[in-house]
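This report describes selected features of the model shown below, covering a sheet, helices and cysteine pairs in turn.

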Amino acid sequence: MKNQNGQALLETVFALPTILVLVGIVLIGACRFTTHYLMDHWVYQSSLCMAKEVSSERCLRQMDRKVQMMPFVRYSLNRVVVRKNRVLIELTYSSPVQLPLKIIEHLRLPITSEQMRRSQ
Amino acid sequence: MNLVNSQSGFITIAFVVMAPLFLVLLLGTAWILWFLNQKHKLDNICYQHVLDSQTLLIEGNQRLLNLNPRASLLIMEKRALNHTIQFGPPPAKAVAIARKAIVVAQQTQLKAQQQGILKLAAFRSRAELQKLKLAMQSEAHKLSRFWRTQDHGRPTVTIHWKPSQTRVRIPDIAPVYKLSPQYERQQVHFVRWRIPIHRILPRWLSQIVWSEARFEKNWYGQCESHPHQGVQKWHSAIGAGKH
C-alpha cells in the first residue's frame, strides 16, 4: 500500500509539469491566435476608417481604444500612409506571450464593391 | 491492478479539472472569432450594395452629362432661329419657323431621353438597396438556421437614399445639366442596419453570453457611399464625402 502511494506521488511529480506545460502551450496558443486575429481585425477597421476620408488621428484613436481592452498588448505604429489611391498601416505589437509581430494592412483606393464581395 | 487504478484516478482528476477550462477557452475563442467574422461579413455586404447603388447613380449622371453637347447645340440653334424669325427677311423667317419646329421636336425627344436616364438610374439604384435588405434578411435567416433557432431575428435596415444631384445649367426644353455644387457631399447614400442577435442565438447561449459577458444584444452597423472624383471620371467610394 505504501509502495503504491509512493508510486502515485512519483507519477504526479513527473506528470504534473508535463500537464502544466501542455496546458500552458494550449493557453498561450489560444491567446496568441486570438490576439493576432483581433489586432488584424482592428487594423483593418482602422484602415477602412481612413479610406472613408475620416482623419487618421481619429481612426487611430478608435483603434487605440480597442487595443487598450487587452492591457497586456503593447504596440507601436511604424508607418501610416494615407494617399488618394492607397491607405497603409504598419504596426508591430507584442505581449508577454508573443514576440514582436508585424501587421501590414494595405488598401488600394477606391475600394470597389467587387473587393467587398470577395472578402465576405 | 492497484497501480493501474491509481494512474487512471490521476488522469481522471486531471481531466475533470482541465476539461472545463479547455472547453471554456475553446468556446470563448471560437465565439469571439465567429462573432467578428459574421459582423465583418455583414459589414461587407452592406458596403458592397451601397457602393453598387452609388455607382449606378454616378453612371446615370455621366450618361446625362454626355448628352450636354447635343442639348447645348439645339439650344444655340433655337436661339439663332428665334433671331432670324424676329429680324430676318420674310422668306428666311418661313424657313426658320419650319426649322424651329424640327428643333423643338428634337429637344422634346432629348428631354424624354434625359428624364429616362435619370429615372432609370434612380430606379436601379433604389433596387440595389432593396437587394441589400434582402441580403441582410437572408444572412439573418442563415444564422438562424446555423443555430437551429426560429427565425425571429428579422433585421431592420434603414436606408437614406439621395437622388441624382444634378442641376440645370442652361434651362430650356432639354436643358444642359451640371453636377450640383458639393456633389460629393450631396449625393451620399447611407444605410444603417440592426440584427437582434439575442433572438437568433439559442437560449442557452444567449443566457451565458448576456448574463456573464454582457455583450450587446443587437448587431449594429452602418455603411455609406459617395461620389469621388478620380483621375478620369467619378466613381463611388465608401464614406460620407470629405469631412
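## The sheet of chain A

In this predicted model, strand β1 of chain A pairs with strand β2 (residues 86-95) of chain A in the antiparallel sense, and the pairing runs over 8 bridges. Within that pairing, V81(A) stands opposite L88(A) of β2(A). The wider arrangement is an open sheet of 3 strands in chain A, which follow the order β1-β2-β3 with antiparallel pairing. Its edge strands are β1 (74-82) and β3 (98-108) of chain A, each of which pairs on one side only. On average, and with direction ignored, neighbouring strands of this sheet are turned by 10 degrees against each other.

Helix α2 (residues 56-67) of chain A packs on the sheet, where it touches β1 and β2 of chain A, and the direction of the helix makes about 160 degrees with that of β1(A).

## Helix α2 of chain A

The length of α2(A) can be checked against expectation: at 1.5 Å a residue, its 12 residues should span 16 Å, and the end C-alpha atoms are indeed 16 Å apart, which agrees. The buried residues of this helix are C59(A), L60(A), M63(A) and V67(A). Seen down the axis of α2(A), these buried residues fall within an arc of 95 degrees, so they line one face of the helix. The face turned away from the buried side of α2(A) carries the exposed residues E57(A), R61(A) and R65(A).

## Disulfides

How many disulfides does a search of the whole structure find? Over all chains, the search finds 2 disulfides. In general terms, a disulfide is a covalent bond between the sulfur atoms of two cysteines. In chain A, C49(A) is joined to C59(A), with an S to S distance of 2.0 Å, and the link of C49(A) and C59(A) is left-handed, with -75 degrees about the S-S bond. Because C49(A) lies in helix α1 (residues 2-51) of chain A while C59(A) lies in helix α2 of chain A, the pair ties together parts that are 10 residues apart in sequence. C49(A) is buried, since its relative accessible area of 9% falls under the 20% cut-off; C59(A), with a relative accessible area of 1%, is buried as well. Another cysteine of chain A, C31(A), is partly exposed, with a relative accessible area of 27%.

In chain B, a disulfide joins C46(B) to C223(B), with an S to S distance of 1.9 Å. The link of C46(B) and C223(B) is left-handed, with -60 degrees about the S-S bond. C46(B) lies in helix α1 (residues 2-66) of chain B and C223(B) in strand β5 (residues 219-229) of chain B, so this pair ties together parts that are 177 residues apart in sequence. Both C46(B) and C223(B) are buried.

## Helix α2 of chain B

Helix α2 (residues 68-87) of chain B has 20 residues, which at 1.5 Å a residue should span 28 Å, and its end C-alpha atoms are 28 Å apart, in agreement with that expectation. The buried residues of α2(B) are N68(B), A71(B), L74(B), I75(B), K78(B) and L81(B). Around the axis, these residues cover an arc of only 155 degrees, which puts them on the same side of α2(B). On the other side of α2(B), the residues P69(B), L73(B), M76(B) and F87(B) are exposed.

How values were computed: Residues numbered from 1 in each chain as written. Chains lettered and ligands numbered in written order. Predicted model: local features only at pLDDT ≥ 70, side-chain atom pairs only at ≥ 80, totals over all residues. Heavy atoms only, no water. Pairing = 2+ DSSP bridges. Helix = DSSP H or I, 4+ residues; strand = E, 2+ residues; numbered from the N terminus. Axes fitted to C-alpha atoms, helices over the stretch in contact; angles between N-to-C directions. Contact = heavy atoms within 4.5 Å. Expected span 1.5 Å × (residues − 1). Buried < 20%, exposed > 50% of the residue type's maximum accessible area, 1.4 Å probe, protein only. Arc of directions from axis to C-beta. Disulfide = S-S within 2.5 Å.
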